[in-house]
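Reader: I have a structure to look at and a few words I do not yet understand. Could you go through them with me?

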Amino acid sequence: MPPRVKREVEQYLRCGDLRYGFVEVSCEVCKEARLVAFSCKGRGFCPSCTTRRAIDTGAQLESMLPHVAHRQWTLSLPFSLRFHVVKRPELLKRIEVRLVRAIWRWQRREARRLGAVGPLRGGGVCFWQWFGSSLQLTPHLHLLVPEAQWLGSGEPVVLGPPSDDDVTAVLHRVLRQAQRDWADEGVSWAEDEYEAMQQQAIQQRLPLNEPGSQRRRRVAVAHGFSLHADTAVHANDRQGLERLCRYGARGPVCESRLHRLEDGRYEYTPKKGVTFTLTAEALVRRLVALLPPARLHLTSFHGVLAPNASLRPLATQQPEAQAVSGPRAKVPPKKKTKRRLDWATLHQRTFGTDVLRCPCGGLRTIRALHSTRSAAELRLAALGIPVPSRILPPATAPPQLTFAV
Ligand SMILES: [Zn+2]
Ligand SMILES: [Zn+2]
């Protein structure tokens, strides 16, 4: 196993374990004390840390994204390309950039049709998901695109939703361009109708959704890729927008969907698909395989939403500020947005408990922080709290095969 995998697992095993450090809070009224253990902050599979990260990202993006409608474009890859992408994540990055540009190209044409003149710029936030709902390794993209293009003055040109044909045209453009990237990888595309049929036979089980019969809207399929663009939130639906961001930034495991059975095996009920049962070993093997690539951002910003974009302050300002300053106002000074939710708020939103509010109604304050293992264990002993031992069993060699001599 690569060191980063071991590190992730070891840190996960310490997540929420009081022996590895905790915060001590106590009520100002009834003096009742409470210990809050440190978390692992893993980005692989720790359900509580990935959930907390998703909630944090959702809240942060909701306060930052422009006040226009947003559409989610989801691009999934054919089976045959998924492992290539796992081995070389930069291939997914290239597809991401091509998808963003193809969507902007269509948006600019729409904006011109509405009479916009001059340079136009679009925006987008892309989430990489390395897994599917049934814990399978399947890298794909969730791209959130504002349904607007911005003029040089910072004024948005609000656009309507794409038609089915627009979505198809976007996918075909992405694939025409991506073909070049993939040619270097030795991956070839279906070249005629028959090969396309073969590809579909690899990709899809029968029965297929026959064309015409309950056709899904704003879905394009080609060369084993599929592009879904039917999920959107209205400009005023900020909660819906936050939910979409949270969904894009989520981790692979939803803890409420995972149950331990009496025989020690685990049962997982995915959002889509059938419930399955697996042994602890199979579950661990799978979770470890779902670790996202190292040293790569799983959330990235494009166009006017990019960190250094000159239009970003104008595109992301609150509607009240727009009304006051007018669309042609100078670029407002960079606003000091609160980047992250504070610890207690995040805890509250993730676990539904307020660490700083006592059931008696009193306010809790942070009394002390024990950040090393020795300090934490010393304090636990002083408090007389027995700590359940969670020492890992020693690593053993695989069982020796007996040779039939
Ligand atoms: Zn109290
Ligand atoms: Zn954790």
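Author: Yes. Note that this is a predicted model. The chain has twelve helices and 15 strands, and 28% of its 405 residues count as buried. Of the contacts with a separation of 6 or more, 71% are between residues 24 or more positions apart.

Reader: What makes Trp-73 count as buried?

Author: A residue is buried if 20 or more other C-beta atoms lie within 10 Å of its own. Trp-73 has 26 such atoms within 10 Å, so Trp-73 is buried. This residue lies in strand 3.

Reader: Which residues does Trp-73 touch, not counting those up to four places away in sequence?

Author: Trp-73 touches Leu-99, Ile-103, Leu-143, Val-145, Leu-227 and Ala-229. As for distance along the chain, Trp-73 and Ala-232 are 159 residues apart, yet their C-alpha atoms are separated by 9.0 Å.

Reader: Which residues touch the most other members of the largest nonpolar core?

Author: They are Trp-73, Leu-99, Ile-103, Leu-143, Leu-171, Val-174 and Leu-227, in a core of 52 residues. Helix 4, residues 90-113, gives the largest share of this core, with nine residues. Another core of eight residues lies apart from it, and includes Tyr-12, Cys-40, Val-253 and Leu-287. Back in the largest core, Leu-171 is in contact with Ala-220, Ala-222, Phe-225 and Leu-227, leaving aside neighbours within four places in sequence.

Reader: Why are helix 4 and helix 5 called oblique to each other?

Author: Their axes are 9 Å apart and the helices pack at an angle of about 140°. Angles over 145 degrees count as roughly antiparallel, and 65 to 115 as roughly perpendicular. The value of about 140° falls in neither range, and therefore helix 4 and helix 5 are oblique. Their crossing is right-handed.

Reader: Which residues of helix 4 and helix 5 meet?

Author: On the helix 4 side, they include Leu-91, Ile-95, Leu-99, Ile-103 and Trp-106. Among those in helix 5, residues 164-183, are Ala-169, Val-170, Val-174 and Ala-178. Charged residues appear in the list as well, including Arg-94 and Arg-98 in helix 4 and Asp-166 and Asp-181 in helix 5.

Reader: How do you know how helix 2 and helix 7 should be described?

Author: The axes of helix 2 and helix 7 come within 8 Å and cross at roughly 140°. That angle makes helix 2 oblique to helix 7, because the oblique class takes what the roughly parallel, perpendicular and antiparallel ranges leave over. The crossing is right-handed. Among the residues that meet are Ala-54, Ile-55 and Leu-61 in helix 2, and Leu-241, Glu-242 and Cys-245 in helix 7.

Reader: Which residues of helix 7 are buried, and what do they pack against?

Author: The buried residues of helix 7 are Leu-241, Glu-242, Leu-244, Cys-245, Arg-246 and Gly-248. They pack against helix 2, strand 3, strand 5, strand 6 and strand 10.

Reader: What makes Lys-41 count as exposed, and Arg-218 as buried?

Author: The cut-offs are 12 or fewer for exposed and 20 or more for buried. Lys-41 has 12 C-beta neighbours inside 10 Å, so it counts as exposed. Arg-218 has 20, so it counts as buried. Each value sits right at its cut-off.

Reader: What is notable about the phi of Lys-41 and of Arg-218?

Author: Most residues other than glycine have a negative phi. Lys-41 has a positive phi of about 60°, and Arg-218 has a positive phi of about 50°. Lys-41 lies in the loop between strand 2 and helix 2, and Arg-218 in the loop between helix 6 and strand 9.

Reader: Why are strand 2 and strand 15 called edge strands?

Author: The open sheet has three strands in the order 2-1-15, with antiparallel pairing. Strand 2 (33-37) and strand 15 (364-370) each pair on one side only, and that makes them the edges. Neighbouring strands of the sheet are turned by 25° against each other on average, direction ignored.

Reader: How do you know that strand 1 and strand 2 pair?

Author: Two strands pair if there are at least two bridges between them. Five bridges join strand 1, residues 22-27, to strand 2, so the condition is met. The two strands run antiparallel, and Ser-26 stands opposite Ala-33 in strand 2.

Technical notes. Residues numbered from 1 in each chain as written. Chains lettered and ligands numbered in written order. Predicted model: local features only at pLDDT ≥ 70, side-chain atom pairs only at ≥ 80, totals over all residues. Helix = DSSP H or I, 4+ residues; strand = E, 2+ residues; numbered from the N terminus. Axes fitted to C-alpha atoms, helices over the stretch in contact; angles between N-to-C directions. Contact = placed C-beta atoms within 7 Å. Core = buried A, V, L, I, M, F, W, Y, C linked by C-beta atoms within 7 Å. Parallel < 35°, antiparallel > 145°, perpendicular 65-115°, else oblique. Left-handed = near helix turned anticlockwise from the far one by under 90°.
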